[in-house]
Amino acid sequence: MAEDLQQLRAAIDALDVEILKLINQRAAHAQTIGRLKNGTVYRPEREAQVLRRIKELNPGPLADETAARLFREIMSACLALEKPLSVAFLGPLGTFSQAAAQKHFGHAAVPMPCASIDEVFRDVASGNADYGVVPVENSTEGAINRTLDLLQDTPLKICGEVALRIHQHLLRKVPGLDDVAVLYSHSQSLAQCHEWLNSNLATVPCVPVASNAEAARLAAADPAALAIAGDAAAELYDLQRLVENIEDEPNNTTRFLVIGKHDATPSGQDKTSLLMSAHNRPGAVVELLQPLARHGVSMTKFESRPARSGLWEYVFFIDLEGHREEPQVAAALAELQDKAAFLKILGAYPVGVL
């Protein structure tokens, strides 16, 4: 038994040496490619293609998503040899937005926590950050309206998307639920855990704060306080998970957008996001949808918001399947340009892989 164990460990050690050599060979090739590139070093379409290929080729026993995440970190480290990317997100550290940024860019990216979604847009537009990650919709609470409003005015492009499963935990500095005085969390998390809270902590005052990470910080400073937050905040502030996964909807997911000064070229599995408004006449909205049906272009999102231009005027945020350069999408967009009162392409980008 001991001899078999020793042989297996020796085999693992030999494999580790080979893996390390191959990773560094990959990094050297990435450096060479970086020197040959002109302009943008981060290519979201190329990274999406690599991750999809890894999932298709993965023989196991590692899960496809696990294998893809390992390669995401390898690509992140290789990209940092060319240029460490700075990524702005809604802070502070420990938020779900940071988790989404790390999921998309890996841990080699430089985190830039911001005080608001507005600040994320400003930092990217000014060049203070290379990219930003902002929430756009939650599967249970709906659209993040501030993000939709800011997309109306920004010159920035959407160049990626991230879907993050949101697991909410009940956290505390000390064990047990004795002598609890207050519970802190973000208002959206309180809404996402509403039924659980009513059934289990109905008498505890709930105080909304700016972020789940801020809730965790407050709970770390007060033994009588509870917080609702995720894994990152629990680890950052060394809090105990009294109850895990207390969200009312087990498939609770938030979709984030990656914003930058460019979008992406076709990857083979893409979305195009656009913003448009209809003329003020009967049937105008139906007219806007007809080019999509005529060219066989499917919508995955259709969201209306008040326009920033006038009272009782509305714009529509639409996600289309396919890249804006694909023939059927391009033809539909050309017709929409003639029919819409206003049309803005927000970006074309790969469908989220992880």
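**View 1. Arg 305 and Asp 149 are joined by a side-chain polar contact in this predicted model.** The contact spans 2.8 Å. Arg 305 sits in strand S13, which covers residues 299-306. Its relative accessible area is 16%, so Arg 305 counts as buried. Beyond its neighbours within four places in sequence, Arg 305 is in contact with eight residues listed here: Asn 145, Leu 148, Asp 149, Gln 152, Glu 313, Tyr 314, Val 315 and Phe 317. Helix H6 spans residues 145-153, and strand S14 spans residues 314-321.

**View 2. Strand S11 has pairing partners S3 and S5.** S11 runs from residue 253 to residue 260. Strand S3 (residues 131-138) pairs with S11 in the antiparallel sense, over six bridges. Strand S5 (residues 157-165) also pairs with S11 in the antiparallel sense, over eight bridges. Look for Arg 255 in S11. Glu 137 has Arg 255 as its bridge partner, and Ala 163 stands opposite Arg 255 too. Is S11 enclosed or open? Seven of its eight residues are buried, so S11 is largely enclosed by the rest of the structure.

**View 3. Leu 257 belongs to the largest nonpolar core.** That core holds 25 residues. The members that touch the most others are Phe 121, Val 134, Leu 151, Leu 257, Ile 259 and Phe 317. Several elements each supply at least two residues, including strand S2 (110-114), S3, S11 and strand S15 (342-350). Helix H5 (117-126) gives the most, with four residues. Another core lies apart from this one. The other core has 19 residues, among them Leu 85, Phe 96, Phe 105 and Ala 109. Back in the largest core, follow the contacts of Leu 257. Residues up to four places away in sequence are not counted. Leu 257 touches Gly 132, Val 133, Val 134 and Val 136, among others. Its contacts also include Leu 151, Ile 158, Gly 160, Glu 161 and Tyr 349. Nonpolar side chains tend to be buried together in soluble globular proteins.

**View 4. Five strands form an open sheet with mixed pairing.** The strand order is S8-S7-S9-S6-S10. Which strands stand at the edges? They are S8 (206-209) and S10 (240-243). Each has a single partner strand, so one side of each is left without a neighbour in the sheet. From one strand to the next, the twist averages 35 degrees. S10 runs antiparallel to strand S6 (residues 169-172), and three bridges join them. Within this pair, Leu 171 stands opposite Arg 241 of S10. Helix H9 (residues 212-221) lies across strand S7 (182-186), S8 and strand S9 (225-229). H9 runs at about 155 degrees to S9.

**View 5. Cys 193 and Cys 206 do not form a disulfide.** Why is there no bond between them? The sulfur of Cys 193 is 9.7 Å from that of Cys 206, its closest cysteine sulfur, which is too far for a bond. A disulfide would need the two sulfur atoms within 2.5 Å. Cys 206 is likewise in no disulfide, and its nearest cysteine sulfur is that of Cys 193. The count of disulfides comes to zero. The surroundings of these cysteines can be compared too. Cys 193 is buried, at a relative accessible area of 0%. Cys 206 is partly exposed, at 37% relative accessibility.

**View 6. Leu 336 is a buried residue of helix H12.** H12 covers residues 327-339. Leu 336 has 1% relative accessibility. Not counting residues up to four places away in sequence, Leu 336 touches Met 276, Leu 288, Pro 291, Leu 292 and Leu 343. Where does Gln 290 lie relative to Leu 336? The two are 46 residues apart along the chain, yet their C-alpha atoms are separated by 9.0 Å.

**View 7. Gln 102 and His 107 share a side-chain polar contact.** This contact is 3.4 Å. Gln 102 lies in helix H4, residues 96-105. Is Gln 102 buried or partly exposed? At 27% relative accessibility, Gln 102 counts as partly exposed. Setting aside residues up to four places away in sequence, Gln 102 touches Glu 73 and His 107. Ser 76 is 26 residues from Gln 102 in sequence. From C-alpha to C-alpha, Gln 102 and Ser 76 are 9.6 Å apart in space.

Technical notes
Residues are numbered from 1 along each chain as its sequence is written. This is a predicted model: local features need pLDDT of at least 70, side-chain atom pairs count only at pLDDT 80 or more; totals for chains, interfaces and linings use all residues. Side-chain values use heavy atoms; hydrogens and water are left out. Buried means under 20% relative accessible area, exposed over 50%, partly exposed in between (1.4 Å probe, protein chains only). Two strands pair if DSSP finds at least two bridges between them. A polar contact is a pair of N or O atoms within 3.5 Å; within protein, one must be able to donate a hydrogen and the other to accept it, and residues adjacent in sequence count only if both atoms are side-chain atoms. Contact means heavy atoms within 4.5 Å. Axes are lines fitted to C-alpha atoms, for helices over the stretch in contact, and angles run from 0 to 180 degrees between N-to-C directions. A nonpolar core is a set of buried Ala, Val, Leu, Ile, Met, Phe, Trp, Tyr and Cys residues joined through side-chain atoms within 4.5 Å.
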